[in-house]
Amino acid sequence: MAEVVSAPGYERWTQQVAGTGGCSAPVRLVGESEVIDRGTGEVVHVYRTADEATGYLLVACGNRRASVCPACSETYRRDVFHLIRAGLAGGKGLAETVREHPRVFATLTAPSFGAVHTLRERNGKPVACHPRRRPVRCEHGNPDGCGVPHTPEDAVLGSPLCGDCYDYVGAVLWQAHAGQLWHRFSLELRRQMARRAGMSRRRFEAQVRVSFAKVAEYQRRGLVHFHAVIRLDGPGGYDDPPPCWATAELLADAVPEAAGRVQVRSLDPGQGDRILRWGTQIDVRPILVSGDGGGLSDQAVAGYIAKYSTKGAEVSGTIDRRLTCPRCKGAGRVDGYGGVGLCKRCGGLGTGLGVDLERLPVSDHARRMIRTCWDLGGLPELADLRLRPWAHMLGFRGHFATKSRRYSTTLGALRQTRADHRAADARERQGLPSPETTEVIGHWRFAGQGYSEAEQLLADHIGQRAQTARRIAAERAEKDTESPSTETAKRNDSEAS
Ligand SMILES: [Zn+2]
Ligand SMILES: [Zn+2]
Ligand SMILES: [Zn+2]
Ligand SMILES: [Zn+2]
């Protein structure tokens, strides 16, 4: 550590660390950028990392996930919050009239693939998970009940009462088709609303645009749920009110109907075909402007979606990196001089695994999900599902957070605003001309990522201070956009989580 502190660039290094906002694995860049006058072509400013005392520039990693980089994930969470909230209450370039558009908060779940240990509470106290007066044993000798009142920390939560009875193939196939199921749902939703309004889907779509923003949340049993804001607009999107017959009731009634109707057919190697559907637990709640009475406030909904957007599959006890062999990419076979042969890298057995699955630090349930992904992923008829590359995500290969184009502003626009703001600050400090008359040309190269052990200790300290300063500023900004009934919103948020 003394070496780091006494190095010539230390002072500048601490500035750069603070500039990444406490990122745990910043990227080191080397290169240069030139500011050029558009009119005269004259170079008015040059920045070279070679002139830096450190010899490089540190840039935040920008990872979305809290388990990878807490600081960058917090920036991401805030952006998602503002994006979702703008689509509900206006702001960030959206008119406030968007508040009056019909919208709901819907949750679509996975069906059951066998009984799992669950958290059950009565009056705030944990009660027996699957109470049975006379438990019956399955063919594997496991009881069909569980009298244990589980607590939230219990490691068995989400795992099946009998792993051999549990339908792992069904669970993995469902997860691999979850994105497609959502797509079909979104089409059926329009069809259902059109039917209720007594018109063709084509006529309906000429008058109403359905916008949504959704996030995938892993349950402990390793299957995703989708939480979505669904909003009705006129054909022009968020600035355009829908016709008056397109009400929140029409939307709320159509959601469960559409979810109940859609299905996806999948090949199931053991049994021919399999029909995949949503689970029966479908929740539709109104989103209220004030947050009073029965519904959720826009603030709470935005907070809820933003929170899940920074999570991965870790809650289901899996691991956060690919498990495929780096040489054969999971195929188990490689093209050699003598034609296609078994890959030597993954043991010459053609497993395609880059790790020892039996010794992977994951829960037994996650291991069986992964194993099922692996086995099914090796079948040519299921190749399209890409189950091996996504085995660590237990078969889900969709995006965690998605929104339709006209829902609201974009994450890119929010980031650009921040970057523009920082650039303007820097220009002002250096006395450079405005961006209207100049152009920036940069040449950058990746020179590594992360800190050494000693650097990490110092960086943590600097990062904490930077994060506190940012949090205070951000809380102030979030407060400025809050709806009048913040208390109700907060209450709803804690209920929802
Ligand atoms: Zn980071
Ligand atoms: Zn149990
Ligand atoms: Zn069994
Ligand atoms: Zn291999």
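Begin with the second largest pocket of this predicted model, which holds about 1,200 Å³ of space. To find its middle, select Glu217, Tyr218, Gln219, Arg220 and His225, which lie nearest the centre of this pocket among the 42 residues that line it. If you then colour the lining by class, you should find 19 nonpolar, 15 polar and eight charged residues. Several secondary-structure elements can be switched on as a frame for the view: strand 4 (103-108), strand 9 (209-218), strand 10 (224-233), strand 13 (283-288), helix 8 (298-309) and helix 12 (486-496) each supply at least two residues of the lining of the second largest pocket.

Next, show the strands as a cartoon. Six of them form an open sheet of mixed pairing, and its order reads 14-13-4-10-9-17. At the edges of this sheet are strand 14 (296-297) and strand 17 (401-403), each of which pairs on one side only. Strands of a sheet pair through backbone hydrogen bonds, in either a parallel or an antiparallel manner. Zoom in on strands 9 and 17, which run antiparallel and are joined by three bridges; as a landmark there, select Val215, which stands opposite Ala401 in strand 17.

The charged pairs come next, and the structure holds 23 salt bridges. Select Arg99 and Asp298, whose closest N and O atoms are 3.9 Å apart in a salt bridge. Arg99 lies in the loop between helix 3 (70-89) and strand 4, whereas Asp298 lies in helix 8, so this pair ties together parts that are 199 residues apart in sequence. How buried or exposed is Asp298? Its relative accessibility is 0%, and because the cut-off for buried is under 20%, Asp298 counts as buried.

Move on to Arg190 and Glu205, whose side chains meet in a salt bridge with an N to O distance of 3.8 Å. Since Arg190 belongs to helix 5 (residues 178-196) and Glu205 to helix 6 (residues 201-207), the contact ties together parts that are 15 residues apart in sequence. The two partners fall into separate accessibility classes, with Arg190 counted as buried at 16% relative accessibility and Glu205 counted as partly exposed at 35%.

A further pair to select is Arg285 with Asp283, where the side chains meet in a salt bridge at 3.3 Å, N to O. Arg285 is partly exposed, with a relative accessible area of 30%, and Asp283 is likewise partly exposed, at 32%. To see salt bridges that share partners, select Glu32, Arg48 and Asp51, which are joined into one network.

For the last stop, keep Arg190 selected and look for enclosed space around this residue, since Arg190 is part of the lining of the largest cavity. How many cavities of 30 Å³ or more does the structure hold? There is one, and about 40 Å³ of space lies in the largest cavity. Its lining is made up of Trp182, Phe185, Ser186, Leu189, Arg190, Val210, Phe212 and Ile230. By class, these are six nonpolar, one polar and one charged residues. Helix 5 and strand 9 each supply at least two residues of this lining, and the largest share, five residues, comes from helix 5. With strand 9 still displayed, the view leads back to the second largest pocket, to whose lining strand 9 also supplies at least two residues.

Terms used: Residues are numbered from 1 along each chain as its sequence is written. Chains are lettered from A and ligands numbered from 1 in the order in which they are written. This is a predicted model: local features need pLDDT of at least 70, side-chain atom pairs count only at pLDDT 80 or more; totals for chains, interfaces and linings use all residues. Side-chain values use heavy atoms; hydrogens and water are left out. On a 1 Å grid over the protein atoms alone, a cavity is a set of points where a 1.4 Å probe fits but cannot get out, and a pocket is an open set with protein on both sides within 12 Å along at least five of seven lines; lining residues have an atom within 4 Å of a point. Grid points are joined across faces, edges and corners, and a volume is the space filled by probe spheres set on the points. Helices (H or I, at least four residues) and strands (E, at least two) are DSSP runs, numbered from the N terminus. Ala, Val, Leu, Ile, Met, Phe, Trp, Tyr, Cys and Pro count as nonpolar, Asp, Glu, Lys and Arg as charged, and the others, Gly among them, as polar. Two strands pair if DSSP finds at least two bridges between them. A salt bridge is a side-chain nitrogen of Lys or Arg within 4 Å of a carboxyl oxygen of Asp or Glu. Buried means under 20% relative accessible area, exposed over 50%, partly exposed in between (1.4 Å probe, protein chains only).
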